[in-house]
Amino acid sequence: MSSHIRRSMPLFPMGTVMKLTDLSARQIRYYEEHQLIQPERTDGNRRLFSLYDIDRLLEIKDLIDQGINMAGIKKILLDEKHFEPHQDSKEQGEEQKRNFTDEELRKLLRKELISAGRFHRNGHPYSERNRFFH
DNA sequence: GTTCTGACA
DNA sequence: TGTCAGGA
C-alpha cells in the first residue's frame, strides 16, 4: 500500500548510482535532462535518487546496450500507453488477452522505433548491435 | 573528497 | 559522451 512511497524515497547520491547502474555521471545527468528520471535534490543541490530512479536507469541502460538512441528510449519509457493492450474487442477472443509474447513485443517495439524515425546507429541501418529487433 | 553546471583544443 | 574548469 506504500510501495510507491518507498520506491520514490530519495536515498542515493550520484556516486552510488554510478556504481549500481554502471552509467557515467554525464549519462545520468543527460537522462535527467530528457525527463527520463526526476531525482530529488538536497539543500546543497546534490541529487538524491530513489529506487524507482535506479530501476528506471537500469532499463535505460538495457535499451542503450541494445543500440537504441534517446529518441527511441524516450518513445518507449515516456509513453506507457505503448505497452497497454490495445482495444481488445470481443471478436478477437482470449488469444488477445494473454500477455505479449517476445515475438509480439518485438513487433510492437520495432514499429514504435521506426515511427520514432531513429532506427539507425552511425548511419548503419540494422546495426549488428540491434539483435533484438531482427 | 564528492557533486554541480556549463562548455568544447 | 568524455573531460576540464571553477565553485559549493
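Leu-51 is partly exposed, at 42% relative accessible area. The model is a predicted one. Leu-51 sits in helix α4, which covers residues 51-65. On the surface, Leu-51 joins Ile-5, Met-9 and Leu-11 in a nonpolar patch. Together these four residues have about 360 Å² of accessible area.

**The surface near DNA strand B**

Nine names make up the surroundings of DNA strand B: Pro-13, Met-14, Gly-15, Arg-26, Arg-29, Arg-41, Asn-45, Arg-46 and Arg-47. By class, the residues of this surface divide into five charged, two polar and two nonpolar. On the DNA side, 74% of the strand B atoms within 4 Å of the protein belong to sugar or phosphate. The rest belong to bases.

Three polar pairs show how protein atoms meet different parts of the strand. Gly-15 uses a polar backbone atom, 2.6 Å from a phosphate oxygen of DNA strand B. Asn-45 places a polar side-chain atom 3.3 Å from a sugar or linking oxygen of the strand. Arg-46 has a side-chain N or O atom 2.6 Å from a base oxygen of DNA strand B. Two elements, α2 (14-21) and α3 (25-33), each give two or more residues to this surface.

**Salt bridges**

Side chains of opposite charge can pair when their charged atoms come close. The whole structure holds four salt bridges. Three of them are tabulated here.

| Pair | N to O distance |
|---|---|
| Arg-41 and Glu-32 | 3.6 Å |
| Glu-32 and Arg-47 | 2.2 Å |
| Asp-65 and Lys-61 | 3.5 Å |

Glu-32 takes part in a bridge with Arg-41 and in another with Arg-47. Glu-32 lies in helix α3 and Arg-47 in strand β2 (residues 47-48), so their pair ties together parts that are 15 residues apart in sequence. Both Glu-32 and Arg-47 are buried. For Glu-32 the relative accessibility is 16%, and buried means under 20%. Arg-41, by contrast, is partly exposed at 37%. Arg-41 and Arg-47 are also among the residues around DNA strand B.

Helix α4 holds another pair. Asp-65 and Lys-61 are four residues apart there, so about one helical turn separates them. How exposed is each partner? Asp-65 is partly exposed, with 35% relative accessibility. Lys-61 is buried, with a relative accessible area of 19%. Asp-65 and Lys-61 also belong to a wider set: a network of salt bridges links them with Asp-22.

Definitions and conventions
Residues numbered from 1 in each chain as written. Chains lettered and ligands numbered in written order. Predicted model: local features only at pLDDT ≥ 70, side-chain atom pairs only at ≥ 80, totals over all residues. Heavy atoms only, no water. Patch = residues over 30% accessible without salt bridge, like charges linked within 9 Å, V, L, I, M, F, W, Y side chains within 5 Å. Areas by Shrake-Rupley, 256 points an atom, 1.4 Å probe, with all protein chains shown as cover. Salt bridge = Lys/Arg side-chain N within 4 Å of Asp/Glu carboxyl O. Buried < 20%, exposed > 50% of the residue type's maximum accessible area, 1.4 Å probe, protein only. Near = heavy atom within 4 Å. Polar contact = N/O pair within 3.5 Å; in protein donor to acceptor, adjacent residues only side chain to side chain. Nonpolar A, V, L, I, M, F, W, Y, C, P; charged D, E, K, R; others polar.
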